[in-house]
Amino acid sequence: MARAAALDIDTVAIVDRDGVYAAPRAFRAARARGLRALVGADVAIDGRRFALLVAERCGYRNLCRLLSRGKMRAPKGHCALGWEDLEEHAGGMIGLVPGDDGTMLADLADATGANARLDRLRAILGVENVYVEIHRHFECRQARVTRRLIAMAESCRAPLVATNDVMHARPEDRRLLDMLRCVRLKTTLDDAGRSLVVNAERHLKSAREMGEIFRDVPEAIRNTRQIAERCTFTLENLGYRFPSVPLPCAASSISHLRALVERGARRRYGVITSRIRRQLEHEIAVIGRLDLAGYFLIVWDIVEFCRQQGILAQGRGSAANSVVCFALGITAVDPIGMDLLFERFLSEERGEWPDIDIDLPSGDRREAVIRYVYRRYGAHGAAMTANVITYRSRSAVREVGKVLGLGAEPVARLASLLGEFEFRDRDDEVPSQLVAAGFDPKAPRVRLLVDLVRRMQGLPRHLGQHSGGMVLAAGRLDEVVPLEPAAMPGRIVVQWDKDDCADLGIIKVDLLGLGTMAVLEDAIPLVREHDGVALDLARLPQNDPAVYAMLQRADTIGVFQVESRAQMATLPRLKPACFYDLVVELAIIRPGPIVGQMVHPYLRRRAEREPVTYPHPSLKPILERTLGVPLFQEQLLRIAMTVAGFSGGEAEELRRAMGFKRSVERMAQIEGRLRSGMAERGIIGETAERIVRGITSFALYGFPESHSASFALLAYASAYLKVHHPAAFYCAMLNNWPMGFYHPTTLLKDAERHGVALRPIDVMHSAWRCTIEGGALRIGLRYVGGLRESVGRRIEDERRHAPFATLGDLVTRSGLREDERHRLAFAGACAAFGSRRRDVLWQLAALDRHPGALLNVASSRSVGVERRSPLPPMSPIEETLADYASMGLTIGPHVMAHFRAELRRQRVVSCADIRDIPHGRYVRVAGHVIVRQRPSTAKGMLFLTLEDETGICNVAIRPEVFRVYRGVLHTARLLRVEGLLQSVDGVVHVLGRAVVQIEIEGQVPPSHGFH
């Protein structure tokens, strides 16, 4: 669209293949530049492709339904349509018969067949609504096709239209087009041949250029204007309506909402004070004027279903700023008690849908809620939003490397060495990365690789399913946006992502699966059953000293939102002692405060090492709770309202403009309004500049206080469980993995350090899921790699009837496949039939040689099976590595325990002992790398978390050291690091100067890398 505007083209149609995927973004980009974006799609009818352009609203509805039908009856990624489908959905559209390769017309030499197909299309769409499309790219073959198309159009009296078959904006984009086509065709540049375009002529051309190219058929140029004038529909006229829930007799949506809010407010507050009443009336009035009562009733209906089904549900995000949401039970944070700003959530100036996210337990419970929404609004009334997966450095390198034929192994090595954004953000490091991967940075193909990877950053790769966003509509959603099947069975997605839907005013409710919610929901019955305590998450003891003591010493592995390395490094300095401190803790380790350089000033002021100051005296009431440092988006809004007289809606527009990187003009306009508002109030000079700098540096990444408060509730609840009911906490964590930062083996070692007894997987005792036995945590069969859940649950069921008498009895009754038998034995899960793993494997080998032995469940000796293996038993380290290989975890010795004697000789200190060493000492540490991080805000620093048998320690690697040891730091599982110990305010880490990989014959669990 930017290129079209530069060429003075005022109307552009984007026609995606079998969809309208780009339509919302094209519409937005065109509107920003004063252009019109027409809607259309390139479709195939019985294998013959042509373009359909939408002329009016009924045509848009027809196109959406046509595409939905074709998508829903075909496998994902395909579309199947016939002429009868087009006949049913023909009104309001214009058809263009393509002239690129003649696929619609089959063989143009068969004039009779081509004319028949053209006549059929004209009969369906109308004679006046079908044009023959011609292109000229200075290719011999295409010139012949164009001449035949012109002749056919003349014989049929069909109008011509010149389109140029545009595939790239500028001539220089042709390289990228070729590469992407090779990716789609799964071929290399060397083998692509005629699959690629011949030249770079398929770019946007000005009216003058097009006129010269088609000067012999001027009507083909004139018809482009005719089509543009006939196509009056744009996405501004979408015609979307949101659904409604059934209402009591004679009640309107707003009156029903008011009644529910009144009842809920009395339940929440007991006594409704004048302040609460004023806020309720204000919010309901805004909701009424925006005609959003139905939206709130829809969300309330979903939350009410969760409550009736006993499903833990909690709204978060800016919805927590609303007293109405709190009264309806949608959110759990009291916005009046937290003094939160409603306009951050909803305002009349913005005129857009509010955004309410509902966190649900991941897994089956969330699926039940999604199924309820599908039932409630029907097959054509609800669907999931899509998620546009884009190219990042690693995926782009893999794709481009294949296309350029650079070799699978070096390309894979280069991808493994990359952080996700390095080709874009750290150009100075690219040559060294290429050399480390075995490439010559000056080689032509390698230079081309770098260029194409940079160009691909952020381009669409494929369409996925959003984690939980659902769009709802009154009537048929497939008349608003095409629907198609997702990869997940039973899931339907729209062709747009959540931002596209929001931009076009389509209602969306996020039903997000949150692992911590599932952990809490699973842990409560375990606590009741094994600890005899009935917990209510809404009424946990507040400000529990033991909880905050644990947080202050950063003992937070597994604790929601505060388990990252950065959070652990901040907790001992911030020393949270109450709930609001926890709210601040969750918000302060975010890109906004870090980029805005607000973390250290806040921590210094909290430690009373720096006085509390304010940019202007009028900002003291806004910033007092955060010691004069803005940490939350709500504070940003209030600052603009106070110093510049912004309304709530204008302040939110300021925040959104700063977050919208492409709108420089929009930002300049609002910043000018901010400065003029401050000048009217006498705030000028350096004070005004300081306020503007503070706002602009923070706004893009700021974290809402309401969001932080919602998460803080869950963080406190998970910390409370870890402190007071650790067995239930770790059991629930393991049953809901994958989630969080840490691998199950790290969680188990942390459980041991917290006094939880561990019991191994055992076919005589283990259930499919992890369980608690007499206060001890029993590992579940689910952790045996390659064991089917159906078989694991059958073992559990069979054991209830009678214990397994022999190994043959186990195999026969449980239906184990040969590979599953050996996996169980290798994991040590068959200890009842032999205390040594190789003995059990030996017995299984004999049973495999004598299948008849399985018929005799009384004794394996019936076929002469020796119970003892002639092989020596596994050594301790072999058992540990067997655990990792078969289960990904161990309850035996930590892998580093096997190296401890040698590490002592090398003067390597343990993770536990490092805390007793003074600041500034040169030390050596070693461990299993469990976390790698290289955040974009850290100026090239790499952070590692190492784990040994005593605990964890953190390592920081400066960019110059990272460049030297890059390969080892990216790939090694076990590391020895030496460097300076830094111990400040209880935060300890090693500033690494040298790194050595510890070799091991076997695999250990991977790290949580670069997330």
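This report covers selected helices, helix contacts and backbone features of a predicted model.

## Covered helices

Helix 25 spans residues 579–588. Burial here is complete: 10 of its 10 residues are buried. They are Phe579, Tyr580, Asp581, Leu582, Val583, Val584, Glu585, Leu586, Ala587 and Ile588.

Helix 29 covers residues 633–644. Its 12 residues should span 16 Å at 1.5 Å a residue, and the end C-alpha atoms are 16 Å apart, so expectation and model agree. Nine of the 12 residues are buried, which leaves helix 29 mostly covered. The buried set holds Gln633, Glu634, Gln635, Leu636, Leu637, Ile639, Ala640, Val643 and Ala644. Just after the helix comes glycine 645, with a positive phi of about 70°.

## Helix 16 against helix 20

Helix 16 (residues 393–403) packs on helix 20 (residues 444–456). The angle is about 135°, and the axes lie 9 Å apart. Angles over 115 but not over 145 degrees count as oblique, so helix 16 is oblique to helix 20. The crossing is right-handed.

On the helix 16 side, the contact uses Ser393, Ala396, Val397, Val400 and Gly401. Helix 20 supplies Leu449, Leu452, Val453 and Met456. By class, the contact residues are seven nonpolar, two polar and no charged.

## Helix 33 against helix 34

Helix 33 (residues 705–724) and helix 34 (residues 726–735) cross at roughly 125°. Their axes come within 5 Å. This pair is therefore oblique.

Ser718, Leu721, Lys722, Val723 and His724 of helix 33 meet Pro726, Phe729 and Tyr730 of helix 34. The contact residues divide into five nonpolar, two polar and one charged.

## Backbone features in loops

Proline 738 sits in the loop between helix 34 and helix 35 (744–753). The peptide bond leading to it from tryptophan 737 is cis, with omega near 15°.

Two aspartates have positive phi without being glycine. Aspartate 46 has a phi of about 50°. Its loop joins strand 2 (36–45) and strand 3 (48–54). With a relative accessible area of 47%, aspartate 46 is partly exposed, because the exposed class starts over 50%.

Aspartate 291 has a phi near 55°. It lies in the loop between helix 12 (274–289) and helix 13 (293–309). Its relative accessibility is 55%, so aspartate 291 counts as exposed.

How values were computed: Residues are numbered from 1 along each chain as its sequence is written. This is a predicted model: local features need pLDDT of at least 70, side-chain atom pairs count only at pLDDT 80 or more; totals for chains, interfaces and linings use all residues. Side-chain values use heavy atoms; hydrogens and water are left out. Helices (H or I, at least four residues) and strands (E, at least two) are DSSP runs, numbered from the N terminus. The expected span of a helix is 1.5 Å times one less than its number of residues. Buried means under 20% relative accessible area, exposed over 50%, partly exposed in between (1.4 Å probe, protein chains only). Axes are lines fitted to C-alpha atoms, for helices over the stretch in contact, and angles run from 0 to 180 degrees between N-to-C directions. Angles under 35 degrees count as roughly parallel, over 145 as roughly antiparallel, 65 to 115 as roughly perpendicular and the rest as oblique. A crossing is left-handed if the near helix is turned anticlockwise from the far one by less than a right angle, and right-handed if clockwise. Contact means heavy atoms within 4.5 Å. Ala, Val, Leu, Ile, Met, Phe, Trp, Tyr, Cys and Pro count as nonpolar, Asp, Glu, Lys and Arg as charged, and the others, Gly among them, as polar.
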